[in-house]
Amino acid sequence: MECHINLSQEGSEVSPLRIDVIQTLHYSTGVPVTSTLMLLPMQSIEKEVCDELVHSLLEMGASSDVHSKLRQRVIRDCKAYLSSSGDPIDWQALKALKFPKNYNDAYEHVLRNDDVPDTVTTYKDKLKLDGYEPFYRNFDRRTGVFNGYKLKAEFKAVSPSQLDPFNRFTFDRTSKEETLFDDWFLADDDSRDGIMYEAVLACHALQAESCHNCKVKNVLRWNGGSGSSWQDLLCTMCEATYEIKTKATMEKVETALRYNNIKGGSFSAWCEMKNSKHRSQKTYLVLLTREPTFNRQNKQVRPVTIAEIEKVLPRVHAGSFNTERTCVSLKSRVSLNMNTKTKWFDLPVKGETIYMKEIAEKVYKDRFSEETFTRMWDLKSEVIAKLRKRKQKRKNQVMMVLMSSRESSRE
Ligand SMILES: [Zn+2]
């Protein structure tokens, strides 16, 4: 790949370890750079990205000579992503977009905009370990020096050949109707409730909160749905982007922040977004806690933490080992600028019930048909039975109640 970069004196003095991969991506796109910005050599960015990829491949167990071809492919494709840019955003259209004013309608709106390609390739993990990396990087506690890779406890009983990602993962083509059925009705709480909370957060923020960066009200827009990763919310004034992530508890939010190494979505989508923005435009990660807590005013809320994204590096995942793809699929690791970490707002817990199952069923039947829904339900009856067993304690119809027990007892 050719990169036309002007190197400045300051740039060559910057330690490669401190390079902000993301902020420097512009240099490959030809966006004019003002003299106040520090120029960094593209080679250093590539080096950091490639180093990270090699680590990531080794953590996945792709360490032998057999994997060298894959290693080359992964690095080649990743370098290409570094300079790819996405379609520009139609700001006028975005400004005119309406978003529902109550949580139920917001959830329905988000589901109606959720889409996937006609056929989706899904992976199966023969080890039934959710595609997790078997190894982790070990560092000397005293010196912080890298000490090689260690095998995680849950993988200890597995043979080396079973660990080989080419043996471990198999790929299937899944239809759109099956993929969305799985996502909306069968996914674990983390991902299914994630869609709902994104809707709830957007519904509240668009009406009540100002942009975290420019402090202007009524300028936030929901931009989620398919094909818009990394920018669930956008500011139509300063063009700041917000990626929403939900975590089960505040404790989990704190752990993510302590390690400052958060698993993120598509790396190529990140590059495309970053390369089509000006350097001054802010990119934020928003962390929402699903479990309510009481704030200082003794009101039940879900705290929303925010920080600027400092760096995004690529990582391989199960899908990266699907050799039928023309380009290697890569996910990401996000680190935040901890100096910018703060509470954005408290999402109030209102006495509103969200009828997730009913809404999803309605949207699904509208999208496909009554028959498709019934067919899927029969096809997945075993999985559904298992899920039901696990959730016996939960109420049958209402999947998620956003009601404070205090408020309800007062009424
Ligand atoms: Zn703004």
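This is a short walk through a predicted model, from a pair of packed helices to a nonpolar core and then out to two loops.

Let us begin with the helices. Two packed helices are described by the angle between their axes and the distance between the axes. Here the pair is helix α5 (residues 103–112) and helix α12 (residues 356–367), whose axes come within 10 Å and cross at roughly 40°. That angle makes α5 oblique to α12, and the crossing is right-handed. If you would like to pick out the contact on screen, select Asn 104, Tyr 107, Glu 108, Leu 111 and Arg 112 on the α5 side, and Met 356, Ile 359, Ala 360 and Val 363 on the α12 side. By residue type, this contact divides into 6 nonpolar, 1 polar and 2 charged residues.

Tyr 107 of α5, part of that contact, also leads us inward. The largest nonpolar core has 69 residues, and Tyr 107 is listed with Ala 199, Leu 201 and Ala 202 as those with the most contacts inside it. Which helix gives the most to this core? Helix α9 (residues 189–208) does, with 10 residues.

Ala 199 is a good place to see how distant parts of the sequence come together. Leaving out residues up to four places away in sequence, Ala 199 touches Tyr 103, Ala 106, Tyr 107, His 109 and Val 110.

Cys 203, which lies in helix α9, is a useful next stop. Is this residue buried or exposed? Cys 203 counts as buried because 24 other C-beta atoms lie within 10 Å, and the cut-off for buried is 20 or more. The C-alpha atoms of Cys 203 and Tyr 103 are separated by 6.5 Å, although the two residues are 100 apart along the chain. Tyr 103 is also among the contacts of Cys 203, together with Phe 99, Pro 100 and Ala 106, once neighbours within four places in sequence are set aside.

Finally, let us turn to the backbone in two loops. Most residues other than glycine have a negative phi, and most peptide bonds are trans. Lys 128 is not a glycine, yet has a positive phi of about 55°. You will find Lys 128 in the loop between β1 (119–125) and β2 (135–139), and with 7 C-beta neighbours inside 10 Å it counts as exposed.

Asn 298 is not a glycine either, and has a positive phi of about 60°. Asn 298 sits in the loop between β10 (293–294) and β11 (300–315). Asn 298 counts as exposed because it has 7 C-beta neighbours inside 10 Å.

Key
Residues are numbered from 1 along each chain as its sequence is written. This is a predicted model: local features need pLDDT of at least 70, side-chain atom pairs count only at pLDDT 80 or more; totals for chains, interfaces and linings use all residues. Axes are lines fitted to C-alpha atoms, for helices over the stretch in contact, and angles run from 0 to 180 degrees between N-to-C directions. Helices (H or I, at least four residues) and strands (E, at least two) are DSSP runs, numbered from the N terminus. Angles under 35 degrees count as roughly parallel, over 145 as roughly antiparallel, 65 to 115 as roughly perpendicular and the rest as oblique. A crossing is left-handed if the near helix is turned anticlockwise from the far one by less than a right angle, and right-handed if clockwise. Two residues are in contact if their C-beta atoms, placed from the backbone, lie within 7 Å. Ala, Val, Leu, Ile, Met, Phe, Trp, Tyr, Cys and Pro count as nonpolar, Asp, Glu, Lys and Arg as charged, and the others, Gly among them, as polar. A nonpolar core is a set of buried Ala, Val, Leu, Ile, Met, Phe, Trp, Tyr and Cys residues joined through C-beta atoms within 7 Å. A residue is buried if 20 or more other C-beta atoms lie within 10 Å of its own, exposed if 12 or fewer, and partly exposed in between; C-beta atoms are placed from the backbone.
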